[in-house]
Amino acid sequence: MRRTQLIISALSKYIAGFLMVGLMLFLPAGTWNYFNGWLFVGLLFIPMFLLGVVLLVKSPELLEKRLRNKESESDQKKVVGASLVMFLAGFIFSALDFRFGWTNVPMPVVIAASVILLVSYGLYAEVMRENVYLSRTVEIQKEQKVIDTGLYGVVRHPMYFSTVLLFLSIPVVLGSWIGFAIFCIYPFLLVKRIKNEEMVLEEGLAGYKEYKEKVRYRMIPFVW
């Protein structure tokens, strides 16, 4: 993909994501005066833009891979579909929670969740730095090799670990325990995704079975 096309594709998805999140939050909230919503938008989209610029300059190939989101594995398609429903419900009910005052998250907890969200973004960026084969879809790429250094020496799927921190912090930043309960579904969806992904990697990636013996934990250190 040429750089101009890549920039257009990245900006299109960025703007579409911004508008979608805005609709899912401020429409059900019934107001623009939703501090937690604006806080989340800033925490999500400012680092996202900066990371996109860095990838465009230093690793446009990786940026192109991250923009691809069409799964070929049937099991993965089911997980992606279930995740989409969960995200929609989580955002919408978080906004409704604000509108009707069902639950309340203390501001110190919101601040702590904001820090966790930023830390998870940092971990996500580090994973992308370590693994040039990182893709949003489950696939074996040409000349792909097993990465076993850095965070990959701790868990086999550090990207998923970072997204668990990210997505569980989101509804807390939004000030909703109801949203948090909905987003708690996400780790369980990842379990199914990881099991299928590891089957694909074992069959098509040389050295992955040995890597599994070396690094025992899939996603959460000392837990699973």
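A nonpolar surface patch, as the term is used here, joins nonpolar side chains within 5 Å of one another, drawn from residues with over 30% relative accessible area and no salt bridge. In this predicted model, one such patch of about 900 Å² is made by I7, L11, I15, F18, L19, I46, F49, L50, V53 and V57. The elements that contribute two or more residues to the patch are α1 (3–29) and α2 (35–58). One of the patch residues, I46, belongs to helix α2. Its relative accessible area is 54%, so I46 counts as exposed, the cut-off for that class being over 50%.

The mean pLDDT of the protein is 86, and 89% of its residues reach 70 or more. Among the elements, the lowest mean pLDDT, 72, belongs to helix α3 (residues 60–67). The highest, 97, is found in helix α7 (residues 177–183).

Helix α2 also has a covered side to its account. Its buried residues are N36, G37, F40, V41, L43, L44, F45, P47, L51, L55 and L56. In general, an α-helix has 3.6 residues a turn, so residues three or four places apart point the same way. The length of α2 was compared with expectation: at 1.5 Å a residue, its 24 residues should span 34 Å, and the end C-alpha atoms are 35 Å apart, which agrees.

Helix α6 was examined in the same terms. From its first C-alpha to its last, this helix of 16 residues reaches 22 Å, close to the 22 Å expected at 1.5 Å a residue. Most of α6 is covered, with 13 of its 16 residues buried. The helix is followed by G175, which has a positive phi near 80°.

Charged contacts were considered next. Side chains of opposite charge can pair when their charged atoms come close. With a side-chain nitrogen of Lys or Arg required to lie within 4 Å of a carboxyl oxygen of Asp or Glu, the count comes to four salt bridges. A network of salt bridges links R156, E198, E202, K212 and R218.

Three pairs involving E198 are described here. The first to be considered is the salt bridge between the side chains of E198 and R156, at 2.7 Å from N to O. Because E198 lies in helix α8 (residues 186–204) and R156 in the loop between α5 (107–130) and α6 (158–173), this pair ties together parts that are 42 residues apart in sequence. Both E198 and R156 are buried. For E198 the relative accessibility is 3%, so this residue counts as buried, the class being set at under 20%.

E198 also forms a salt bridge with K212, the closest N and O atoms being 3.8 Å apart. K212 lies in helix α9 (residues 208–214) and E198 in helix α8, so parts that are 14 residues apart in sequence are tied together by this pair. With a relative accessible area of 24%, K212 is partly exposed.

A further salt bridge joins the side chains of E198 and R218, again at 3.8 Å from N to O. R218 lies in the segment after α9, and E198 in helix α8, so the pair ties together parts that are 20 residues apart in sequence. R218 is partly exposed, its relative accessible area being 25%.

Notes
Residues numbered from 1 in each chain as written. Heavy atoms only, no water. Patch = residues over 30% accessible without salt bridge, like charges linked within 9 Å, V, L, I, M, F, W, Y side chains within 5 Å. Areas by Shrake-Rupley, 256 points an atom, 1.4 Å probe, with all protein chains shown as cover. Helix = DSSP H or I, 4+ residues; strand = E, 2+ residues; numbered from the N terminus. Buried < 20%, exposed > 50% of the residue type's maximum accessible area, 1.4 Å probe, protein only. pLDDT = per-residue confidence, 0-100. Expected span 1.5 Å × (residues − 1).
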